[in-house]
Amino acid sequence: MTNSIKTILAAVFLLFALMPARAQKHFQPNIAVGGKAGVTLSKVNFSPGVKQGWNMGQTAGATFRYMEEKHFGLIVEALITRAGWKENFEDARFNYSRSLTYLQLPILTHIYFGSSRFRGFFNLGPQLGYYIGESISSNFNYQDPQSVPDFPYTNRYLDQLTMNVKSKFDYGLAFGLGTEFIARRKHSFSLEARLYYGLGSVFPSNKKDTFSASSNMTLSITAGYSFRIK
């Protein structure tokens, strides 16, 4: 983990420690738990680049939110998310997609604005992930693509089709925009669009390896429900 990520995480945890003291002096805390689910579009940022498109997946999990009354709070989530990528072939007869499943832990600053019924918000902060599995969908022999008749293997990388995941740990930054509707004092519904940009390499990235970098990038659209417990 890089020094910059360690610094971000330390700052977030420091905010967790300081917020209760501030709330006791100035504001009434708002604590809510809930869940969320939605769809994802993901790629892997390979270097050198790989011809690819967005891979569709899903995300779902539990949420915990601590807010102060003056527009500021923190969100912690535990999510299961399908990331990965879809190969882009010149010939539409071929298709290959690889879905990588992660257990994710976003720790986000939550800034909100609006009325007691409708709010807009944005979330920003670090996200940690742990690889728990994968699946591959293909209509050709991806383990030996050069044996496939008319396969467009010229001027394209193929190692990523069978390469094993190097690091099960993933980390990066997440940024989201959304809106929230408070149906009653204790019940609220939200809709959020979020971008996650990974900073670690999924596959081997030493000098002898094919790729010098391979980081996850995921766009998610989720709907959520929260119940205020305090």
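**Threonine 222 and its surroundings in a predicted model**

Apart from neighbours within four places in sequence, threonine 222 is in contact (heavy atoms within 4.5 Å) with Lys36, Ala37, Gly38, Thr59, Ser190, Leu191 and Glu192. The model is predicted, so local features need pLDDT of at least 70 and side-chain atom pairs count only at pLDDT 80 or more, while totals for chains, interfaces and linings use all residues. Residues are numbered from 1 along each chain as its sequence is written, and side-chain values use heavy atoms, with hydrogens and water left out.

Threonine 222 belongs to strand β9; helices (H or I, at least four residues) and strands (E, at least two) are DSSP runs, numbered from the N terminus. Threonine 222 counts as buried because its relative accessible area is 4%, where buried means under 20%, exposed over 50% and partly exposed in between (1.4 Å probe, protein chains only). Its side chain also makes a polar contact with the side chain of lysine 36, at 3.5 Å. A polar contact is a pair of N or O atoms within 3.5 Å; within protein, one must be able to donate a hydrogen and the other to accept it, and residues adjacent in sequence count only if both atoms are side-chain atoms.

Lysine 36 leads on to the charged pairs. Side chains of opposite charge can pair when their charged atoms come close. The count comes to eight salt bridges, each a side-chain nitrogen of Lys or Arg within 4 Å of a carboxyl oxygen of Asp or Glu. In one of them, glutamate 192 pairs with lysine 36, with the closest N and O atoms 3.4 Å apart. This pair links distant parts of the chain, since glutamate 192 is in strand β8 and lysine 36 in strand β1, 156 residues apart. Both glutamate 192 and lysine 36 are buried. Glutamate 192 also meets arginine 194 in a salt bridge of 2.9 Å, N to O, and arginine 194 is buried because its relative accessible area is 5%. Lys36, Glu77, Glu192 and Arg194 are linked in a network of salt bridges.

Another salt bridge joins arginine 93 and aspartate 150, with closest N and O atoms 3.9 Å apart. Arginine 93 is in the loop between β4 and β5, and aspartate 150 is in the loop between β6 (118–138) and β7, 57 residues away along the chain. Arginine 93 is partly exposed, with a relative accessible area of 48%, whereas aspartate 150, at 60%, counts as exposed.

Next comes the nonpolar interior. The largest nonpolar core (buried Ala, Val, Leu, Ile, Met, Phe, Trp, Tyr and Cys residues joined through side-chain atoms within 4.5 Å) has 21 residues, of which Phe46, Phe140, Phe151 and Phe203 touch the most other members. Two or more residues come from each of β1 (30–47), β4 (72–87) and β5 (96–114), and β5 gives the most, with three. Leaving out residues up to four places away in sequence, phenylalanine 151 touches Phe89, Phe94, Phe140, Pro145 and Leu158.

The chain as a whole has one helix and nine strands, in the order α-β-β-β-β-β-β-β-β-β along the sequence. Buried residues make up 44% of its 230 residues. Among contacts between residues at least 6 apart in sequence, 71% join residues at least 24 apart.
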